[in-house]
Amino acid sequence: MKQRLSLVILLALTQIWAAPASAASVTVTDAWFRALPGTLPAGGYFNVHNTGNSDLAILGAQSDGCSTVMMHKSSNAGGMSRMEMVDKVDVPAGGKISFAPGGLHLMCMRPTALMKIGGKVPVVLHLSDGTRVAATFAVRGASGK
Ligand SMILES: [Cu+2]
């Protein structure tokens with residue numbers, strides 16, 4: 001009986017040690033989606049701050065509010081606005097990166113019923129060190145309000 005108890009404690013400790021130690025080294029703030037009518041993709045915007053000592057990169061994202069989440073970069077060349085897929089966004093140690101309208105953004109494809117103006121949508125960012133960072137995005141309308 002005593003032996004079984006210590007095994008349970010050991011397993012519990014292993015769970016704690018297995019948790020990613022660097023998960024708290026990235027903070028996400030000012031996170032929001034721009035919801036558009038119907039099944040139009042919703043742009044996702046936020047600031048990310050790497051408070052740790054290691055360079056990291058965002059490799060992707062997933063959300064229950066979207067069928068797929070992609071990373072895009074908008075650019076404006078000769079008056080033509082276009083978007084490119086991005087598979088990696090570097091966030092250097094101590095660095096801050098903004099995902100903002102007109103630049104980097106998450107592209108939430110085929111938003112689900114969770115994507116309601118005034119609501120909140122959970123997003124998980126996948127980092128290059130294997131950790132995942134959860135953030136809550138507020139859902140705003142087309143005007144960004
Ligand atoms: Cu886009």
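Where is the place of Ser 25? Ser 25 sits in the loop between helix H1 (2–18) and S1, and the close-up views below start from there. This is a predicted model, in which local features need pLDDT of at least 70 and side-chain atom pairs count only at pLDDT 80 or more, while totals for chains, interfaces and linings use all residues. Residues are numbered from 1 along each chain as its sequence is written, and side-chain values use heavy atoms, with hydrogens and water left out.

**View 1. Ser 25 in its loop.**
The loop that holds Ser 25 runs between helix H1 and strand S1; helices (H or I, at least four residues) and strands (E, at least two) are DSSP runs, numbered from the N terminus. Ser 25 counts as buried, because its relative accessibility is 14%. Here, buried means under 20% relative accessible area, exposed means over 50%, and partly exposed lies in between (1.4 Å probe, protein chains only). Leaving out residues up to four places away in sequence, Ser 25 touches His 49, Asn 50, Thr 51, Gly 52 and Leu 56. Contact means heavy atoms within 4.5 Å.

**View 2. The copper ion and its donors.**
Four protein atoms serve as donors of the copper ion: ND1 of His 72, SD of Met 83, NE2 of His 105 and SD of Met 107, lying 2.1 to 2.2 Å from it. Donors are N, O and S atoms within 2.8 Å of the metal (3.2 Å for Na, K and Ca); water is not among the atoms, so sites may look incomplete. The arrangement is tetrahedral because the four donor atoms subtend angles of 95 to 122° around the copper ion. Four donors count as tetrahedral if all angles lie between 85 and 135 degrees. Along the chain, the donors follow the spacing H-x10-M-x21-H-x1-M. Met 83 lies in strand S5 (residues 80–85) and His 105 in strand S8, so this pair ties together parts that are 22 residues apart in sequence. Met 83 is partly exposed, with a relative accessible area of 45%, whereas His 105 counts as buried at 3%.

**View 3. The disulfide between strands S4 and S8.**
What joins Cys 66 and Cys 108? They form a disulfide, with their sulfur atoms 2.1 Å apart; the term stands for a pair of cysteine sulfur atoms within 2.5 Å. Cys 66 is in strand S4 (residues 66–77) and Cys 108 in strand S8 (residues 104–111), so the pair links distant parts of the chain, 42 residues apart. The structure holds one disulfide. The torsion about its S-S bond is about -115°, so the disulfide is left-handed. Cys 66 is buried at 7% relative accessibility, and Cys 108 is buried at 0%.

**View 4. Leu 104 and its contacts.**
Leu 104 lies in strand S8 and counts as buried, at 15% relative accessibility. Beyond its neighbours within four places in sequence, Leu 104 is in contact with several residues, including Tyr 45, His 72, Val 89 and Phe 99. The C-alpha atoms of Leu 104 and Ser 74 are separated by 6.3 Å, and these residues are 30 apart along the chain.

**View 5. Phenylalanine rings and the nonpolar core.**
The largest nonpolar core has 30 residues, and those with the most contacts inside it are Phe 33, Phe 46, Ile 58, Phe 99, Leu 106 and Met 115. Such a core is a set of buried Ala, Val, Leu, Ile, Met, Phe, Trp, Tyr and Cys residues joined through side-chain atoms within 4.5 Å. Phe 33, Phe 46, Phe 99 and Phe 137 form one aromatic cluster. Rings of Phe, Tyr and Trp (its six-membered ring) pair if their centres lie within 6.5 Å; planes under 30 degrees apart count as stacked, over 60 as edge-to-face and the rest as tilted. The count comes to four aromatic pairs. One of them is the tilted pair of Phe 33 and Phe 137, at 4.9 Å centre to centre with 35° between the planes. Phe 33 and Phe 137 are both buried. The rings of Phe 46 and Phe 99 are stacked, because their centres are 4.2 Å apart and their planes at 15°. This pair links distant parts of the chain, with Phe 46 in strand S2 (residues 42–50) and Phe 99 in strand S7 (residues 96–99), 53 residues apart.

Note on methods. Tetrahedral: all angles 85-135°; square planar, octahedral: opposite > 155°, others 65-115°.
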